[in-house]
Amino acid sequence: MKKSILFGALALSIATTAAAQVKPEDQIKFRQAGYSFMSWNMGKIKANVEGEFNAQQVEAAANAIAAIAASGMGALYGPGTDKDIGDVKTRVKPEFFQNMEDVGKLATDFNAAAANLAKVAATGDKAAVQQAFGETGATCKACHDKYRME
């Protein structure tokens with residue numbers, strides 16, 4: 001477990017270094033776009049597990065979520081992205097930037113849950129997808145509860 005936390009924190013710091021050339025306001029915009037796209041795809045899965053189940057649609061949505069989760073979005077939390085910049089607003093709490101070890105663990109948990117959701121979605125098993133979807137949503141909520149302003 002410590003190894004995965006260390007890996008998550010290391011990946012976050014490497015990704016942050018790589019994004020240093022992206023303006024802070026663009027980092028905020030890009031990460032918000034990523035989260036919006038994930039939210040839309042989570043909504044598609046939710047509609048499917050609560051209603052008529054379309055395995056192909058669920059698999060496509062789960063793959064999109066897993067791809068974004070694994071894309072290195074930690075790079076979009078660089079210096080200066082902890083506060084609003086002009087008309088670009090952020091809802092990230094300052095505590096996020098002070099607790100990188102915890103953030104790394106939460107990111108690792110989310111990445112693992114999203115990857116599992118994609119794997120399970122490929123089976124077409126609605127009950128298994130529902131379980132994996134709930135686990136993925138719980139990892140989102142864990143970070144939101146600690147580090148997102150409402």
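Here is a short chat about a helix pair and two cysteines in a predicted model.

User: What makes α2 roughly antiparallel to α3?

Analyst: The angle between them. Helix α2 (residues 24-50) and helix α3 (residues 55-69) pack at about 150°. Anything over 145 degrees counts as roughly antiparallel, so α2 gets that label relative to α3. Their axes sit 9 Å apart, and α2 passes α3 in a left-handed crossing.

User: Which residues of α2 and α3 make the contact?

Analyst: From α2 you have G34, F37, M38, N41, M42, K44, I45 and N48. From α3, the partners are Q57, V58, A61, A62, A64, I65, I68 and A69. Sorted by class, that contact has eleven nonpolar, four polar and one charged residues.

User: On to the cysteines. How do you know that C140 is in no disulfide?

Analyst: Check the sulfur distance. For C140, the nearest cysteine sulfur is that of C143, and it lies 8.6 Å away. A disulfide needs the two sulfurs within 2.5 Å, so C140 is in none. Looking from the other side, C143 has the sulfur of C140 as its nearest, 8.6 Å away, and is in no disulfide either. The structure holds zero disulfides.

User: Why is C140 called partly exposed?

Analyst: Its relative accessibility is 23%. Buried means under 20% and exposed means over 50%, so C140 falls in between and counts as partly exposed.

User: And what does C143 count as?

Analyst: Partly exposed, because C143 has a relative accessibility of 23%.

Technical notes: Residues are numbered from 1 along each chain as its sequence is written. This is a predicted model: local features need pLDDT of at least 70, side-chain atom pairs count only at pLDDT 80 or more; totals for chains, interfaces and linings use all residues. Side-chain values use heavy atoms; hydrogens and water are left out. Axes are lines fitted to C-alpha atoms, for helices over the stretch in contact, and angles run from 0 to 180 degrees between N-to-C directions. Helices (H or I, at least four residues) and strands (E, at least two) are DSSP runs, numbered from the N terminus. Angles under 35 degrees count as roughly parallel, over 145 as roughly antiparallel, 65 to 115 as roughly perpendicular and the rest as oblique. A crossing is left-handed if the near helix is turned anticlockwise from the far one by less than a right angle, and right-handed if clockwise. Contact means heavy atoms within 4.5 Å. Ala, Val, Leu, Ile, Met, Phe, Trp, Tyr, Cys and Pro count as nonpolar, Asp, Glu, Lys and Arg as charged, and the others, Gly among them, as polar. Buried means under 20% relative accessible area, exposed over 50%, partly exposed in between (1.4 Å probe, protein chains only).
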